[in-house]
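Reader: I have a model open and want to work through it. Can we take it one question at a time?

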Amino acid sequence: MGAFGNAVYFTMKRPFIILFVGLIMPIFCLAEYFLLTVLFNVTAIGTGNISESIVYALQMMLSFVSNPWVALKGLLYFLLALISGSILVGFVLSGYLNVVNNTLEGKPKINGEFRFGLKKYIYKLSTISFRVILLGLVFMIFMMVATIPALVITRAASMGRPEFTAVAIFIDILTAGVLFFGVMFFRLYVFFWYPAALSFDKNAFLVGKRTVDNYFWKIVSRFVLFDLAFVVFQSLFMYASYRLTIGQGSVFLIAGLYTVNWLFKTAFISTLVTYIFSAFKMFSGSKGSLT
């Protein structure tokens with residue numbers, strides 16, 4: 001079996017891999033529900049455009065930084081939230097990923113497996129998560145800035161400036177390529193950092209990075225399929241959610257829609273996590289039971 005086949009097989013073999021995600025996923029689904037409800041009911045959002053929203057967000061950040069006292073207070077709150085979030089992520093992932101890792105290595109199920117992973121890996125995964133969240137925020141800002149020229153030129157071309165059409169197409173394609181490879185490399189390096197951290201005591205990031213670099217296109221081909229499945233489902237879900245929210249759908253229909261959302265994302269996340277560990281072990285040489 002390939003890495004994806006192993007992911008499906010071992011996910012079904014250890015129901016805990018799915019059940020644990022299913023227990024915490026309602027929190028995210030509920031947060032998503034409130035976020036979408038606000039988004040659909042704030043009519044001002046529909047009157048703007050993407051480029052203006054991005055520029056406005058960057059201006060807000062710059063004005064925030066320009067006030068030293070406000071910036072200092074904001075920085076302290078940000079660090080507190082970042083540290084708290086990193087510890088929470090490390091707490092959740094340390095035990096869960098230990099179970100996933102042991103399952104893919106063919107180790108027998110033992111009592112206290114989750115608790116052992118929590119004790120052994122919580123500090124390591126919390127520090128990794130701290131850096132991942134921080135770098136992710138910085139990376140997101142850079143990606144937002146990178147899209148501004150394409151958005152501005154495309155808008156100019158769409159508003160009766162045909163001389164910008166050829167330039168807009170070229171800039172859009174270039175920007176799309178930068179975004180695709182930038183986001184893909186960032187995600188893969190981050191995702192493969194975690195299984196490497198559980199398998200290697202030192203240089204975990206470099207091990208994960210080398211694995212991604214050596215098998216980039218094989219891994220990307222699977223991630224594109226994951227992304228397509230998620231985008232298709234999320235688009236249909238948001239459309240249905242919008243129709244129910246605006247049309248004042250019944251409580252039963254809304255509950256049914258969000259139950260489907262919960263089930264899909266539980267299966268999706270558990271399979272994706274297991275695939276990442278399976279691919280890492282298969283491509284890095286740390287194969288365990290995958291040999």
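Reader: What volume does the largest pocket have?
Author: This is a predicted model, and the pocket figure is computed from it. The volume of the largest pocket comes to about 1,500 Å³.

Reader: Which residues lie nearest the centre of the largest pocket?
Author: The lining counts 38 residues. Five of them are placed nearest the centre of the largest pocket: Phe28, Val89, Leu93, Phe191 and Ile269.

Reader: Which helix gives the most to the lining of the largest pocket?
Author: Several helices take part. α2 (15-41), α4 (68-104), α5 (113-158), α6 (165-199), α8 (216-246) and α9 each supply at least two lining residues. With eight residues, the one that gives the most is α2.

Reader: How do the lining residues of the largest pocket divide into nonpolar, polar and charged?
Author: Take the charged group first: it holds four residues. The polar group holds two. The nonpolar group of the lining numbers 32.

Reader: How many helices and strands does the protein have?
Author: Read the elements from the N terminus: they run α-α-α-α-α-α-α-α-α. The count is nine helices and zero strands.

Reader: Which helix has the lowest mean pLDDT, and which the highest?
Author: Start with the whole protein: pLDDT averages 84, and 85% of the residues score at least 70. Residues 43-48 stay under 50, and the model gives them one contact beyond four places in sequence. Among the elements, the lowest mean, 60, belongs to helix α3 (residues 50-66), and the highest, 94, to helix α7 (residues 204-214).

Reader: What share of contacts between residues at least 6 apart in sequence joins residues at least 24 apart?
Author: One example of a distant pair is Ile17 and Ser270, which touch and are 253 residues apart in sequence. Across the protein, the share of such contacts joining residues at least 24 apart is 79%.

Reader: Is Ile17 buried or exposed?
Author: Ile17 sits in helix α2. Residues it touches beyond four places in sequence include Tyr96, Val100 and Thr274. Its relative accessible area is 0%, so Ile17 is buried.

Reader: How far apart in space are Ile17 and Ser270, C-alpha to C-alpha?
Author: Along the chain, 253 residues separate Ile17 and Ser270. In space, their C-alpha atoms are apart by 6.2 Å.

Reader: Does Ser241 count as buried or exposed?
Author: Ser241 belongs to helix α8. Its C-alpha atom is separated by 8.7 Å from that of Tyr258, 17 residues apart along the chain. The cut-off for buried is under 20% relative accessible area. Ser241 has 2% relative accessibility, so it counts as buried.

Reader: What does Leu263 count as, given 49% relative accessibility?
Author: Leu263 has its place in helix α9 (residues 251-284). Exposed would need over 50%, and buried under 20%. At 49%, Leu263 falls in between, so it counts as partly exposed.

Reader: What distance separates the C-alpha atoms of Leu263 and Pro26?
Author: Leu263 and Pro26 are 237 residues apart along the chain. Their C-alpha atoms are separated by 9.5 Å.

Reader: Which value is phi of Asn203 near?
Author: Asn203 lies in the loop between α6 and α7. At 54% relative accessibility, it counts as exposed. Its phi is positive, in a residue other than glycine, and is near 55°.

Reader: What percentage of the exposed area do carbon and sulfur atoms supply?
Author: Buried residues make up 35% of the 291 residues in the protein. The protein exposes about 17,100 Å². The part supplied by carbon and sulfur atoms is 75%.

Definitions and conventions
Residues numbered from 1 in each chain as written. Predicted model: local features only at pLDDT ≥ 70, side-chain atom pairs only at ≥ 80, totals over all residues. Heavy atoms only, no water. Helix = DSSP H or I, 4+ residues; strand = E, 2+ residues; numbered from the N terminus. Buried < 20%, exposed > 50% of the residue type's maximum accessible area, 1.4 Å probe, protein only. 1 Å grid on protein atoms, 1.4 Å probe; cavity = no way out; pocket = protein on both sides within 12 Å on 5 of 7 lines; lining within 4 Å. Points joined across faces, edges and corners; volume = space filled by probe spheres on them. Nonpolar A, V, L, I, M, F, W, Y, C, P; charged D, E, K, R; others polar. pLDDT = per-residue confidence, 0-100. Contact = heavy atoms within 4.5 Å. Areas by Shrake-Rupley, 256 points an atom, 1.4 Å probe, with all protein chains shown as cover.
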